[in-house]
Amino acid sequence: MMREMFSLEFVHPSAFYLIGGLLIPLLKGRVRQGYMLLIALLAFFAVVNMPHGTFGVYEFLDWKLTFGNVDKLSKVFAYIFAIMGVIGVIYSIHVKNDGEQLAAFYYVGGSLGVTLAGDFLSLFLFWEMMAFSSVFLVWYRKSKSSVHAGFRYLLWHVAGGLILLAGIILQYSLSGDLTIQYSPFHGWWPADPQSLASFLILIGLIVNAAVPPFGAWLPDAYPAATVTGAVFMSAFTTKTAVYALIRICAGSEILIVLGVVMAIYGVVYAVLENDARRLLAYHIISQVGYMVAGVGLGTHMAINGVVAHAFCHILYKSLLFMGTGSVLYMTGTAKLTELGGLYKTMPRTMIYTVIGGLSISAFPLFSGFVSKSMTVTAFGEAHLTWAFMALMLASAGTFLHTGLKVPYFIWFGKDQGIKAKEPPWNMELAMIISSLFCIGLGVFYKPLYALLPYSVHFEPYTAYHTWETLQILLFTQLGFFLLLKKLWCKNTISLDTDWFPRKSAKAFMWFINKPMASLEYNVIGEIYEFIIQKPIMRVAVYLKKIDTVVVDGTINGVGKLAMACSRKMQKVQSGQIQHYAMLMVAGVIAVIIIVMVLP
Amino acid sequence: MKLLEIVEVLRTKKVRRIAYGVLILLIITDFFIPRHEVHFFGDEIPGFWSLFGFIACVLIIVVSKWIGHLGLMQHENYYDEGDV
């Protein structure tokens, strides 16, 4: 059944961000702030009002595009993305840079678009929109290193996007249908075309989920992003990928192993990390590891756990990024070696950050407790004891870093006597809202459970489970204070898997600049001149005689026209990749808007 | 400011002693907590998760630092790009 994109019962929530966002540069001051908040709220209410069903179906060439596929799974993700949109807009409402605001709006819009996409092509369009808009949240930091980090971020995502596209094309050639279908990948290596298609799609998706060895872009780019940009980024890219993994790849066993490795890998790197925001970035990898592993297990309980965990994770992780972002905003640094003693000047920010830390650590009465435990228990019930124990180990590590290390070294530790104040009202308001969500979900978890895709048969607050968690966490705390001396950071970075592309890129450039260039100049150049250039010159002299007499007159007129055109075009060709990226995004947006608006 | 006073109180030695008391109490009470869902042997041993938490914490710190010193940790200007 074909229904409209904008009917009374269904309005695509992305439309508010994508079309409404375009007016932001025209507005100023309070009006602009109110307008941005209004858009985010309207998108949220659009999500609340979405009935289940299929909407926004368009025939485009031979393909059927579906922009509004609403079921329990897509709706719960749309809910949290829309809520995060509101919180993110409040946190960043003071940012005057139009480009940065637009980038964030298109990023959120893209994420909602992926969530509601019913076919692979529209999923891919919004997927790419997310990559190309979010990179501007890195670039607008405007430091040399963030420009570089942004390029690397884009390269990873373009590569992942192309692999995804290859999988989609192969899938389409096999089934002749673009509808998103459940196609898990079984085993370790693709054996036939169908499993190759599933494999390529899986790889494309896990690049965005930051699964090692394809996840190095995350701790590279997020700490390089703007204060507000990182808050958005912490919420959307990986969790959109988790959503797509649930929809397409649930039950792919390889994800169990990758997810568990990921959960521990993030924790190990977090020990070594000095930049608070990069430490948190590694903990995104660790937390998404729980989700990826749960998707791999694929039981109803595991999927419920993953969805609940993604929901809670977006709130507490953004809260943590807001807290450390506020510290960066007010003091100019997020490095633990340069911070300390801030509890005297920024105590309220400390409280919000600690609430985020307790939530991510799954402390009883905080949001992580009701969500993480469901995923982990699913592993216990499946009798995958090794995975169960590894995830428990990672939980201890989570508390160790986000609950203890980050707050301790920023707000206590060595008092650096930094003069700072609490952040502006809007940043604090966003943190208060997130904090309330974190505690609220931990206490009143039933409404969240009601949103989950399958019916829930799980009670988080049993005596044993509460005691188990308290023991792990409080004894981790004991270990933390006993080993505190070992945890003082040094001014270092840690090499990640992006060492390979970064170093080989340097080697490649050396190869091009030195041996290749001299080969080209000395050898090939000589041969070329002797064999090709000289004979051609002789012919050319002969042809020239004909040319001057006959052809010139006609050509001159055409030439002048071409020159005039190219002078106009020159302005577009600035040679800056940022400008090209902007043009491409504009093109994609134009296509989407045309498709949305045309009947 | 009131918030600051509360934080200062939490940093005193007395609070630390109370915290140690809580840890001991946690292990003792674990002997009396009913077990409904036993997934593996550790679930039946009282105080198992206390030991697990402590060892996990120590392991994570020691092993990670060891891996870091194998060569993962490098100076900030390793890729020579300047400041973040």
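Into which domains is chain A divided? Colour residues 1-248 + 584-599 as domain 1 and residues 250-497 as domain 2, and you have the division of chain A on screen. Keep in mind along the way that this is a predicted model.

**Stop 1: between the domains**

Place a marker at the C-alpha centre of each domain of chain A; the two markers lie 24 Å apart. Next, select the residues where the domains meet: 38 residues of domain 1 of chain A are in contact with 45 residues of domain 2 of chain A. On the domain 1 side, H3, helix H7 (193-208), helix H8 (217-221) and helix H9 (227-249) of chain A each supply at least two residues. Highlight H9(A) here, since its ten residues are the largest share of that side. Colour the domain 1 side by residue class and you will find 31 nonpolar, five polar and two charged residues.

**Stop 2: the nonpolar core**

Now show the largest nonpolar core, which has 210 residues. Label A:Leu205, A:Val242, A:Leu245 and A:Val292, the residues with the most contacts inside this core. Then pick out helix H12 (residues 300-331) of chain A, which gives the core its largest share, 19 residues. Where does this core lie with respect to domain 1 and domain 2 of chain A? Both domains give residues to the core, so it lies between them.

Zoom in on A:Leu245. Setting aside neighbours within four places in sequence, A:Leu245 is in contact with A:Leu205, A:Ala209, A:Val292 and A:Val295.

**Stop 3: a helix pair**

Select helix H2 (residues 29-49) and helix H3 (residues 72-91) of chain A. Their axes come within 9 Å and cross at roughly 170°. Angles over 145 degrees count as roughly antiparallel, which is why H2(A) is described as roughly antiparallel to H3(A). Show side chains at the contact: from H2(A), these include A:Met36, A:Leu37 and A:Phe44, and from H3(A), A:Tyr79, A:Ile83 and A:Gly85 are among them. By class, the contact has 14 nonpolar, one polar and no charged residues.

**Stop 4: three backbone details**

Go to the loop between H7 and H8 of chain A, where A:Pro213 lies. A cis peptide bond joins A:Pro212 and A:Pro213, with omega at about 5°.

Next, move to A:Lys142, in the loop between helix H5 (120-139) and H6 of chain A. Although A:Lys142 is not a glycine, it has a positive phi of about 65°. Is A:Lys142 buried or exposed? It is exposed, with 10 other C-beta atoms within 10 Å.

Then jump to A:Ala362, in the loop between H13 and H14 of chain A. A:Ala362 also has a positive phi, near 65°, in a residue other than glycine. Its surroundings are another matter: A:Ala362 counts as buried, with 27 C-beta neighbours inside 10 Å.

**Stop 5: over to chain B**

Finally, bring chain B into view. Here 48 residues of chain A are in contact with 38 residues of chain B. Among the elements of chain A that each supply at least two residues to this side are helix H6 (144-175), helix H10 (254-272), helix H15 (385-411) and strand E3 (492-494). Select H18(A) last, because it gives the most to the side touching chain B, with 14 residues. Taken by class, this side of chain A has 27 nonpolar, 13 polar and eight charged residues.

How values were computed: Residues numbered from 1 in each chain as written. Chains lettered and ligands numbered in written order. Predicted model: local features only at pLDDT ≥ 70, side-chain atom pairs only at ≥ 80, totals over all residues. Axes fitted to C-alpha atoms, helices over the stretch in contact; angles between N-to-C directions. Helix = DSSP H or I, 4+ residues; strand = E, 2+ residues; numbered from the N terminus. Parallel < 35°, antiparallel > 145°, perpendicular 65-115°, else oblique. Contact = placed C-beta atoms within 7 Å. Nonpolar A, V, L, I, M, F, W, Y, C, P; charged D, E, K, R; others polar. Core = buried A, V, L, I, M, F, W, Y, C linked by C-beta atoms within 7 Å. Buried ≥ 20, exposed ≤ 12 C-beta atoms within 10 Å, placed from the backbone. Domains from an automatic or database assignment.
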